[in-house]
Amino acid sequence: MKVVLFCGGYGMRMRSGAADDVPKPMAMVGPRPLIWHVMRYYAHFGHTEFILCLGYGAHHIKEFFLNYEETTSNDFVLRGGRTELLSTDIADWTITFAQTGIESPIGERLRRVRHHLDGDEMFLANYADVLTDAPLPEMIDRFARRDAGASMMVVPPQSSFHCVDLGEDGLVGGITAVSDMPLWENGGYFVLRQEVFDHIPENGDLVADGCAQLAKHGRLVAHQHRGFWKPTDTVKERAALDDAYARGDRPWAVWERDGATASAGVRTA
């Protein structure tokens with residue numbers, strides 16, 4: 001299945017200064033940017049056709065892949081001045097780079113790459129800045145069996161804040177951690193059918209417009225995930241993932257856990 005990645009936003013909370021024009025998906029976690037980790041996750045499950053919805057800082061993403069260094073994350077042998085790769089990351093990937101506008105909402109970005117989907121009944125979509133260990137094949141299979149237009153992965157609230165139950169007299173009746181409340185939030189991993197395009201207006205949003213309208217018609221399903229899920233909306237969150245990577249604590253790297261790295265023998269770079 002094709003994978004649409006939304007990677008054209010400003011990512012203001014991730015920027016370190018006015019001169020920093022690096023889009024959020026290019027923030028580093030270990031030796032590779034966020035977008036690579038997300039793509040590696042999908043590729044592990046056999047989904048290697050990617051459509052990148054570019055916008056702000058697009059040249060950073062283009063340059064990364066055009067000048068990709070396989071030796072950064074793969075073992076290799078240096079023999080006679082030539083590099084022989086023992087494994088490879090992206091040799092079997094197909095990546096479409098599509099400029100979808102600087103200010104475009106996510107729904108509009110999706111509309112602008114519809115022609116790249118070749119009318120595929122089902123496809124995947126992602127914000128390109130959230131890491132998870134969710135069982136993707138299960139998510140897809142459950143949706144494929146349902147008569148619905150879209151599936152949204154949902155996760156428990158991540159906030160560490162507490163909600164306070166107040167009476168009319170100002171007395172506190174109870175305090176509950178947000179994470180303990182019966183609430184779910186959008187996890188950013190979608191399985192979609194072409195039907196979603198019927199509900200996204202020009203300059204519309206994928207969730208607020210497309211998914212909301214599907215929900216009104218009983219055409220939206222949720223995949224509940226209680227495992228690992230981490231967003232990177234802030235510098236602090238990105239730094240925490242980077243630290244975890246350095247410690248070897250990276251549950252999102254399912255390709256390492258399952259002992260599966262793309263390899264077709266020795267390749268010469």
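**Reading strand S1 and its sheet**

Modeller: In this predicted model, a useful place to start is Leu5, which stands opposite Leu52 in strand S4.

Biologist: Which wider pairing does that contact belong to, and in what sense do S1 and S4 pair?

Modeller: Strands count as paired once at least two bridges join them. Here S1 and S4, the latter spanning residues 49–54, pair in the parallel sense over five bridges. S1 also runs parallel to strand S8 (residues 122–126), to which three bridges join it, and there Val3 stands opposite Leu124.

Biologist: Are the residues of S1 buried or exposed?

Modeller: A residue is called buried when its relative accessible area is under 20%. Five of the five residues of S1 (residues 2–6) meet that description, so the strand is largely enclosed by the rest of the structure. Both faces are covered, with Lys2, Val4 and Phe6 buried on one side and Val3 and Leu5 buried on the other.

Biologist: What is the order of the strands in the sheet?

Modeller: The sheet is open and has seven strands in the order S7-S4-S1-S8-S13-S10-S14, with mixed pairing. Strands S7 (94–99) and S14 (220–224) stand at the edges with a single partner strand each, so one side of each has no neighbour in the sheet. On average, neighbouring strands are turned by 25 degrees against each other, direction ignored.

Biologist: Which strands does helix H5 lie across?

Modeller: Helix H5 (residues 206–216) lies across S1, S10, S13 and S14, and runs at about 65 degrees to S13, while helix H4 (residues 136–144) lies across S8, S10, S13 and S14, at about 55 degrees to S13.

Key:
Residues numbered from 1 in each chain as written. Predicted model: local features only at pLDDT ≥ 70, side-chain atom pairs only at ≥ 80, totals over all residues. Heavy atoms only, no water. Buried < 20%, exposed > 50% of the residue type's maximum accessible area, 1.4 Å probe, protein only. Helix = DSSP H or I, 4+ residues; strand = E, 2+ residues; numbered from the N terminus. Axes fitted to C-alpha atoms, helices over the stretch in contact; angles between N-to-C directions. Contact = heavy atoms within 4.5 Å.
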